[in-house]
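The following exercises concern internal and open spaces in a protein model. Please examine the sequence and structure before working through them.

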Amino acid sequence: MCSYKVGAWKDNQRAISGKIIGGGKMRKVYPMMADYIDSSELDVYLNSPAYVAEEKFDGSRYVMQITDKGVILHSRRESVKGGMCDKTNNVPHITQLPILKKYVGTIFDGEIVSPDSKFLSVMSVMGSSPERAIETQKENGLVSYMVFDILEYEGKNVRLMAFLHRRNLLEAIFKSGDWGSIKLTKQVRNNKGEYYKKILKEGGEGIILKNWNCPYIDGERPKRNWIKIKRLETYDGIVIGGQEGNGKYQKNLGALLIGQYIQGELKEVAKISGMTDEQRKKFWAKIKRGEKWVVEFEAQSKTPYFRYRHPRYVRDRNDKNFKDCVF
């Protein structure tokens, strides 16, 4: 990749100017989401020089806003108190890093990952109180923040720059000093198919293919900008109801009814099973109370009729919003 100096991005700037994030106030920022492809298209994108591969981490997505009053680290989920779910104080070794003071007005997109690379370990830190999060990390090791994109740089909006230039800017920034537990993701340009196989062999989740020319579009899932490729494709859906089971599951949950937004309308797209007996009992009670929540499920592929082939429950995803669940 070509050498790049901080400030050289201005030559490629096609975005509007922004304002320095002032007063330490959080702004609502919704991360861009990855697209899905059918397995029949996989080789085309793996072999395309227009795409670069990055590992898909089994962590939790967080946006970092560096303000003139300090750093704010928040998830993509909205808080019931307003704004986004703020987890800044759960990871002071990340949010209080001295070098961040040099980059006021900058917004990073990235993933919090645990030393054991497990989602549940991340949630034990990010889903708890700051006090418990710090104790958990003393016991199990510090989480890291893997940065893979930049939305604003020192008050300038860089979202409309091609991903190639945003990545070059990130590489220049990360050469500027000690970033501790904040790390820049690794990229693979060539032999992406072999890299994908290697990730799976090592027990990883998969990869994300990213188009060099794509802009960053907040809160959207643009076609073919980013492509998520996993062992089995996984999707996010809203539990909109449940179906009573038969046999041993009579008067208990048989299957979760899953909804996603199709052209702005919430519709049922799958019936999923694969839950433990304990989960069935817990979910059945929630459904009877009229609760709705987001779950992750795996499936072989989508059908042309807005359904999923062979869907199966994976886990709850309390870190995601309903609006993330789009067919």
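Three exercises with worked solutions follow.

The model is predicted: local features need pLDDT of at least 70, side-chain atom pairs count only at pLDDT 80 or more, and totals for chains, interfaces and linings use all residues. Residues are numbered from 1 along each chain as its sequence is written, and side-chain values use heavy atoms, with hydrogens and water left out.

**Exercise 1. Describe the largest cavity by volume, lining and residue class.**

Step 1. On a 1 Å grid over the protein atoms alone, a cavity is a set of points where a 1.4 Å probe fits but cannot get out; a pocket is an open set with protein on both sides within 12 Å along at least five of seven lines; lining residues have an atom within 4 Å of a point. Grid points are joined across faces, edges and corners, and a volume is the space filled by probe spheres set on the points.

Step 2. Searching the whole structure yields 2 cavities of 30 Å³ or more. The largest encloses about 380 Å³.

Step 3. Its lining comprises 27 residues, with Lys56, Arg61, Glu111, Ile208 and Lys228 nearest the centre. Two or more lining residues come from each of strands S1 (51-56), S9 (206-211), S10 (226-230) and S11 (233-244); helices (H or I, at least four residues) and strands (E, at least two) are DSSP runs, numbered from the N terminus.

Step 4. The lining divides into 16 charged, 8 nonpolar and 3 polar residues. Here Ala, Val, Leu, Ile, Met, Phe, Trp, Tyr, Cys and Pro count as nonpolar, Asp, Glu, Lys and Arg as charged, and the others, Gly among them, as polar.

**Exercise 2. Which residues line the second largest cavity?**

Step 1. The volume of this cavity is about 60 Å³.

Step 2. Tyr30, Pro31, Met33, Arg76, Gly219, Asn321, Lys323 and Asp324 form the lining.

Step 3. Sorted by class, 3 are nonpolar, 2 polar and 3 charged.

**Exercise 3. Characterise the largest and second largest pockets.**

Step 1. The largest pocket has a volume of about 770 Å³. Among its 34 lining residues, Glu55, Asp58, Ser117, Gly204 and Glu205 lie nearest the centre.

Step 2. Elements supplying at least two residues each to this lining include S1, helix H3 (119-126) and helix H6 (192-201). By class, the lining has 11 nonpolar, 7 polar and 16 charged residues.

Step 3. The second largest pocket has a volume of about 450 Å³. It is lined by 22 residues, of which Tyr36, Ile37, Asp38, Tyr235 and Lys302 lie nearest its centre. S10, S11 and strand S15 (301-302) each give two or more residues to this lining.
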